[in-house]
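Please open the model in your viewer and keep the side chains switched on. The tour moves from charged contacts to aromatic rings and back to charged contacts.

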Amino acid sequence: MRRTASVVVTVRLEPADLKRFSAEATARGVGLSTYLRDRLAAQDPLLVELASIRQALEGISSSPSHEAPARAPNASGEATAHEAIILETLLLCRSIAQPQRTQVAQGEVARLGLPVWRGPTPR
């Protein structure tokens with residue numbers, strides 16, 4: 001059973017975000033406050049999971065012995081185990097990231113002096 005919230009927080013939203021969040025709340029049959037509160041609470045487990053993924057990736061990249069991957073690519077270009085892990089992690093992160101967060105991440109990649117992947121250019 002949900003406890004009644006006792007603290008009121010005022011949040012400023014862009015009109016487009018308010019419209020989108022309101023529509024999502026209505027589609028779920030809850031009020032806007034409940035929807036936003038649930039959405040914020042859902043971020044906590046994601047942050048823990050992302051921290052765990054980051055730690056695992058840092059462990060792979062900082063390994064003193066860059067051991068051979070579990071299996072080498074075959075003639076058809078099949079990915080190595082490490083490439084598959086990195087790709088899966090990237091796809092999972094991109095599926096949950098908002099465009100603004102993607103821009104922040106790409107900015108950090110650029111700040112580190114690495115090439116930023118922006119995807120295929122539309123024709």
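By about how much of the helix are glutamate 24 and arginine 20 separated in helix α1? They are separated by about one helical turn, because they stand four residues apart in that helix. Before going further, note that this is a predicted model in which local features need pLDDT of at least 70 and side-chain atom pairs count only at pLDDT 80 or more, while totals for chains, interfaces and linings use all residues. Residues are numbered from 1 along each chain as its sequence is written, and side-chain values use heavy atoms, with hydrogens and water left out.

Select glutamate 24 and arginine 20 together: they form a salt bridge (a side-chain nitrogen of Lys or Arg within 4 Å of a carboxyl oxygen of Asp or Glu), with their closest N and O atoms 3.9 Å apart. Now add arginine 39, whose side chain meets that of glutamate 24 in a salt bridge at 3.3 Å, N to O. This pair links distant parts of the chain, with arginine 39 in helix α2 and glutamate 24 in helix α1, 15 residues apart.

Next, select phenylalanine 21 and tyrosine 35, which are both buried (under 20% relative accessible area, against over 50% for exposed and in between for partly exposed, with a 1.4 Å probe and protein chains only).

Finally, go to helix α4 (residues 99-111), where arginine 111 and glutamate 108 lie three residues apart, about one turn of the helix. Their side chains meet in a salt bridge of 2.7 Å, N to O; arginine 111 counts as exposed at 59% relative accessibility, whereas glutamate 108 is partly exposed at 36%.

Definitions and conventions: Helix = DSSP H or I, 4+ residues; strand = E, 2+ residues; numbered from the N terminus.
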